Amino acid sequence: MGATLDLFAAASPEGAWTVSDVTQRARAAIEAGLGPVWVRGEISGFKAWHSGHWYFALRDKRAQLRCVMFQKDNRRLPAAPTDGMQVFVFARPTVWEEKGELRLTVVELLSTERGGLWQLAFEQAKAALTKDGLLDPARRRPLPPYPRRIAVVTSKDGAALRDIIAVTRRRWPAVELLVLPTKVQGDGAEDAICRALGLLARIDGLDVAIVGRGGGSREDLWTFNSERIARAVAAVPVPVISAVGHETDVTLCDLVADFRAPTPSAAAEAATPDRGDVAVAVAHLGARLARGLALRSDRVAQRVDRTLDRLVGAIDLALERRRHQLSAVGGRLDALSPLKVLERGYAVALDSDGHVLSRVAQLTPGLGFRLRVVDGEVGARVGGAGS
Amino acid sequence: MSPASEQPSFARQLERLEEIVRRLESQDLDLDEALKLFEEGIERLRQARERLTAAETKVKQVLADHAGHLRVEDFDG
C-alpha cells in the first residue's frame with residue numbers, strides 16, 4: 001500500500017507536473033531523440049494560409065502526422081503539392097506545445113511522381129495560359145523582314161548576348177541593338193525579366209525583341225517557365241523571339257513567344273535577313289529596272305544593254321564577294337541614269353510641253369521641238385521626213 | 001526615344017522598286033513616264049545600297065531608374 005500512498009502523495013501542486021512541463025519535456029525528448037529525418041507518405045488535407053505557411057498531414061495506411069512547412073522554406077518550391085501526392089519530406093519532428101501535437105516541421109519537400117512539383121507547376125501554369133488563349137498559334141505575329149531596332153532581354157555578361165551581337169553584325173549591320181540587362185537565373189530573375197519585358201512597350205520604333213539565355217541546368221532554365229514571364233512576353237507590343245538555350249525542353253516562354261529559337265544565335269538569325277541574300281535580290285531588281293527602260297526606248301536600248309552586261313557581271317561578283325561588291329553594284333547602276341546616258345552624247349527630243357518625242361510619226365516635217373542634251377536644251381526643227 | 005530612322009522602311013523601298021520594275025516591264029508606258037520611273041528606281045536602289053553597306057551595328061543598353069525613366073547608354077560589352 002506504500003506505493004499507492006506515494007502515488008497520491010505526489011498529487012499535489014508541488015508533486016504534479018503542469019501541462020506545459022509535459023509538452024516541454026516531450027518536445028525536448030523528441031527533438032533530441034529524433035533528429036531531422038526524411039519521411040515518406042501521402043499528402044492529405046493540404047492548406048496554404050495567407051501567411052504563406054503550408055499545413056497538411058502526411059499519412060500511410062496506419063498512421064498520420066501533422067506537418068507544417070513555413071513560407072521561408074516553401075517559397076523555393078515551384079508549386080504547392082496536392083492531396084494524394086506521394087512525397088518525401090525532410091523534417092524535424094517536434095511537439096507543437098499549444099495543441100500538444102506531434103508535428104513535423106518540413107524544410108524540404110520532393111514529389112516522387114514523374115517530374116514532381118516542377119512538372120506540376122508547369123502544367124498548372126500552362127493550363128492557365130491556355131485558358132486565357134495565350135498559347136493559341138493564331139496569336140503568333142510574323143517577324144519583320146528588315147528590322148531597324150531589336151531589343152535583347154538577357155544577361156549582360158552571358159555568351160548569349162555576345163552571340164546575338166556577333167550574328168547580327170554579320171547578317172544585318174543596319175540595325176540598332178538595345179540591350180536590357182537582367183538576371184536570368186536565381187532569386188530576383190523572374191522579377192527582373194518581367195520588368196525588362198514591361199519596358200519594351202516604351203521603346204519607340206522597336207521592330208522585334210529577343211528574350212533568353214544560353215544553356216544551363218534544368219533548374220537554371222526553370223525561370224523561363226514562370227507564368228508571370230509568359231504573360232509579360234504575351235503583353236509585348238512587338239513580335240518576341242524566345243531563345244532559352246536548350247533543344248529538348250520547351251519552356252512556357254517559348255510557347256507564348258511569336259517565334260521559338262533553339263539558341264541565342266538562332267534567335268539573331270531569325271530576327272535579321274542575310275545581307276548577301278538581300279544584296280543579290282536588289283541587284284536583280286536593278287537589272288530588271290535597266291532592262292525595263294531598254295524596252296521602252298530603242299535609242300537608249302543599245303547603251304543600256306551594254307551597261308546591263310556589266311551590271312549582270314556585277315551581280316555575279318556580288319554573289320561571289322557579297323559585301324565588298326555591293327557598292328560596286330550601286331556605282332554601276334548610277335551609270336544607267338538617263339543623265340549619264342546624255343553625257344555619253346545621246347539627246348532626247350521633247351515637245352513644247354516637255355513630252356518625249358520618240359516616234360517618227362510624232363516628228364512631222366517642219367515641227368519645232370527642243371533637244372535635251374547633257375548641259376541644257378536647244379531649239380530644233382524637223383527637216384525632211386525620215387524612214 | 002527617337003525613332004531609329006525617318007526614312008521609309010526598307011521593305012517599303014523594295015516594294016516600291018518591285019512596282020517600278022513591273023510598270024517598266026509592262027507595255028503601256030511612254031518614254032517620259034519610263035524615264036521618270038527609272039530615275040526614281042535608281043534613287044531607291046541607291047538608298048537600298050546605303051542600308052546594305054551600313055556601318056557596324058550599334059549596340060546600346062537601356063536602363064530604367066527608380067522613377068521608371070529610361071536611359072540609353074552605349075554598350076561596350
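Two strands count as paired here if DSSP finds at least two bridges between them. Keep that in mind while looking at strand β1 (residues 37–48) and strand β4 (residues 86–96) of chain A: six bridges join them, and they run antiparallel. What you have in front of you is a predicted model.

**The barrel in chain A**

Let's stay with that pair for a moment. Trp38(A) has Phe90(A) as its bridge partner in β4(A), while Val39(A) is matched with Val89(A) in β4(A). β1(A) also pairs with strand β2 (residues 54–59) of chain A, through five bridges and again antiparallel. There, Ile43(A) stands opposite Leu58(A) in β2(A). These two strands, β1(A) and β2(A), make a hairpin with five residues between them. In its turn sits Gly52(A), with a positive phi of about 95°.

Now zoom out. Five strands of chain A close into a barrel, in the order β1-β2-β3-β5-β4, with mixed pairing. Neighbouring strands in this sheet are turned against each other by 50° on average, direction ignored.

**A sheet shared by two chains**

The next sheet is an open one, with seven strands in the order β10(A)-β9(A)-β8(A)-β6(A)-β7(A)-β1(B)-β2(B) and mixed pairing. At its edges stand β10 (259–260) of chain A and β2 (70–74) of chain B; each has a single partner strand, so one side of each has no neighbour in the sheet.

Where do the chains meet within the sheet? β7(A) is joined to strand β1 (residues 58–64) of chain B by four bridges, and the two run parallel. One matched pair is Leu177(A) with Val59(B) in β1(B).

Further along, strand β8 (residues 208–213) and strand β9 (residues 240–244) of chain A are parallel too, joined by five bridges. Ile210(A) stands opposite Ile241(A) in β9(A). Helix α10 (residues 264–271) of chain A packs on the sheet, where α10 touches β6 (149–154), β8, β9 and β10 of chain A. The direction of α10 makes about 160° with that of β9(A).

Here are the strand pairs side by side:

| Strand pair | Bridges | Direction |
|---|---|---|
| β1(A) and β4(A) | six bridges | antiparallel |
| β1(A) and β2(A) | five bridges | antiparallel |
| β8(A) and β9(A) | five bridges | parallel |
| β7(A) and β1(B) | four bridges | parallel |

**Where chain A touches chain B**

In total, 47 residues of chain A are in contact with 44 residues of chain B. On the chain A side, α5 (159–171), β7 (176–181), α11 (275–296) and α13 (323–334) each supply at least two residues. The largest share, 12 residues, comes from α11(A). By class, this side of chain A has 26 nonpolar, 10 polar and 11 charged residues.

Note on methods
Residues numbered from 1 in each chain as written. Chains lettered and ligands numbered in written order. Predicted model: local features only at pLDDT ≥ 70, side-chain atom pairs only at ≥ 80, totals over all residues. Contact = placed C-beta atoms within 7 Å. Nonpolar A, V, L, I, M, F, W, Y, C, P; charged D, E, K, R; others polar. Axes fitted to C-alpha atoms, helices over the stretch in contact; angles between N-to-C directions.
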